[in-house]
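Here are some notes to read alongside the sequence and the model. Please keep both open while going through the points.

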Amino acid sequence: EPLVLDGFVPYPADVAEGYRRAGYWTDETLQEPLFASVARHPERTAVVAGDEIVSYGELGDRVLRVAAGLADLGVGRGDRVVVHLPNVPSFIVVVYALWELGAVPTFAPAAHRRTEITQFVELTEARAYVTVSVHDGADLAGLAAELTAARSGLRAVVLDPDGGGPELDRLLAHTPLAHERRSSPQDVALLQTSGGTTGRPKLIPHTHETYGHSVRLSIPLCGIGAHSVQLIAVPVCHSMAVRSPGFLGVLAAGGTVVLAPDGSPDTVFPLIERHGVTQASVVPPLLLAWLNSSMRAKFDLSSLHSLHVGGAKLSAEAARRVRPELGAILQQGFGMAEGLVNYNRLDVDDETSATCQGLPVSPGDELLVLADDGTPVAPGTPGHLLTRGPSTIRGYFRAPELNAASFTEDGYYRTGDIVARDERGYLTVVGRSKDQINRGGEKVAPEEVENLILALDGVHDVSVIGIADRVLGERVKAYVVPRDGVDPSTLTLAAVRRHLRERGLAAYKMPDALEVVAEFPRTAMGKISKLLQRQS
Ligand code: J2J
């Protein structure tokens, strides 16, 4: 029996049945492929991090012990748990353990702080919060204490910074649960967080069926198999690292996942050489750093077979350097946590490889490219991308007003992306209509940052925009209008960033630049013109 989670927007029954009949949705939960791999080859290496090497057998055992430990804390089917961990094996263990229980992890990027985490805990009415004591100097144990004190019924699990420590040992000391199905493939499996376009974060609910479909199709399209050694150098909870093809794809196929604490060449090149990495999914700034690193010649990177690059636009110029300089196939991708993923096929011609961002993963994906007036554009002409399909949500979690604006009545998601689609169906991303900043793949909602800056003494008004950046694509700039009588020199970038840090905002959302102005450029309608600000 499926569990109905309040705040989840279901698929129309006939659509769901159609997806099942077509074989897009299968009778499988997300942890089951892992346990099949565990049974097939317990001795093979599943996960590597630092000096830690975890075999499939060991991973399966840890998952079932941690599941028992979490059950002991009161976590059960349908319970939401905010998982806020860096790139450590415990992230993978905890997530599979929650699925084994039928519980619902919310994937919170490690960079998030009090503002974001509090919103996730409240919006999901979380049963538990799993984090590390300290991350990048932030006292997350303190945050866990604050949150549990404020909410009776919220339990915290605080691991050491490397994801181990006494709390993990306590969980692992439990007798392993028997591996069995405690949920339905139709249940909500997880909540992805979205960079968002609004003042409040958006949560993206995927079922085992929708996510599983995306993972299964990504495995062959990204050339993943038992031979694969995948490097995860972006935040492990990002959709690219989880399912595109992600650790879910690699562990289902019987390959090995190598977790890197960060994506810098110093960290990553030795790992590629040492573990014979064959595949990685990265954002453009990481790829540029790898291409431009003088360390490249010092390491043997010849094991690299393909690099999936997505999350933000890659320049054709950088794209053309990948094969000759890194010896790997470049596979551009254009995906969104809401569901739809597109990859260039691995065997495309050089021109497509450099200039396109992919073809939809699933034959069930329906795409519309529309002019401003809502009529379809001709092939090759840019337009607004709308999509629905077997891996795309029908609504954000507990957000009816937002959903009315973000989805059409017949269930299409308005992506906010401007794309051109050629005759073959290949997409090129040409722009964006949504009010969002894409800072090297990390998405920032200007409104969220503006709201927090407005609370700073001396600020009359603020406008946050993305400005061009050679490496990141865009960075965050704030224009601030002081209150009457306030000395403008007190409104410095440092002061604003300090204020935002005190508020507990993720560092990547903070302005990189700030300008104090007397007023904003306005449109004829009197609205702030972000377009004019970008041009100034
Ligand atoms: C331009 N913009 C892009 C690209 C994403 C696989 C790959 C990426 C994501 C992802 C993902 C882009 N060129 N190649 O979830 O599974 C921008 C678009 C898009 C938004 C989604 C996956 N690839 N984008 O990036 O939810 O604006 O997912 O709508 O983080 O990133 O961001 P996100």
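**Notes on the predicted model**

1. Strand β15 gives four residues to the shell around the ligand, and that is the most that any element gives. This is a predicted model, and the points below should be read with that in mind.

2. The shell around the ligand holds 23 residues, and those that come nearest are Ser239, Ser244, Gly310, Gly335 and Ala337. Two or more residues of the shell come from each of α9 (239-242), β15 (329-335), β20 (413-421) and β21 (427-432). By type, the shell divides into twelve polar, seven nonpolar and four charged residues.

3. Please look at the peptide bond from Ser244 to Pro245. This bond is cis, with omega near -10 degrees. Pro245 lies in the loop between α9 and α10 (246-253). Ser244 also appears in the list of residues that come nearest to the ligand. As background, most peptide bonds are trans, and most residues other than glycine have a negative phi.

4. The second half of that background applies to the next two residues. Glu125 is not a glycine, yet its phi is positive, at about 50 degrees. Glu125 sits in the loop between α5 (114-124) and β5 (128-132). Is Glu125 buried or exposed? Glu125 is partly exposed, because 14 other C-beta atoms lie within 10 Å, and a residue counts as exposed at 12 or fewer and as buried at 20 or more.

5. Asp136, also a residue other than glycine, has a positive phi near 50 degrees. Where is Asp136 found? Asp136 is in the loop between β6 (134-135) and β7 (138-139). Asp136 has 11 other C-beta atoms within 10 Å, so it is exposed.

6. Now the sheet. Four strands form an open sheet with antiparallel pairing, in the order β18-β19-β20-β21. Why is one side of β18 (366-370) and of β21 left without a neighbour in the sheet? These strands stand at the edges and each has a single partner strand, so there is nothing in the sheet on the other side. On average, neighbouring strands of this sheet are turned by 45 degrees against each other, with direction ignored.

7. One pair in this sheet can be followed in detail. Strand β19 (residues 383-388) pairs with β20 in the antiparallel sense, over four bridges. The bridge partner of Thr387 in β20 is Tyr413. The sheet and the ligand shell can also be read together: β20 and β21 are strands of the sheet, and both are among the elements that give two or more residues to the shell.

Note on methods. Residues are numbered from 1 along each chain as its sequence is written. This is a predicted model: local features need pLDDT of at least 70, side-chain atom pairs count only at pLDDT 80 or more; totals for chains, interfaces and linings use all residues. A residue is near a molecule or strand if its C-beta atom, placed from the backbone, lies within 6 Å of it. Ala, Val, Leu, Ile, Met, Phe, Trp, Tyr, Cys and Pro count as nonpolar, Asp, Glu, Lys and Arg as charged, and the others, Gly among them, as polar. Two strands pair if DSSP finds at least two bridges between them. Axes are lines fitted to C-alpha atoms, for helices over the stretch in contact, and angles run from 0 to 180 degrees between N-to-C directions.
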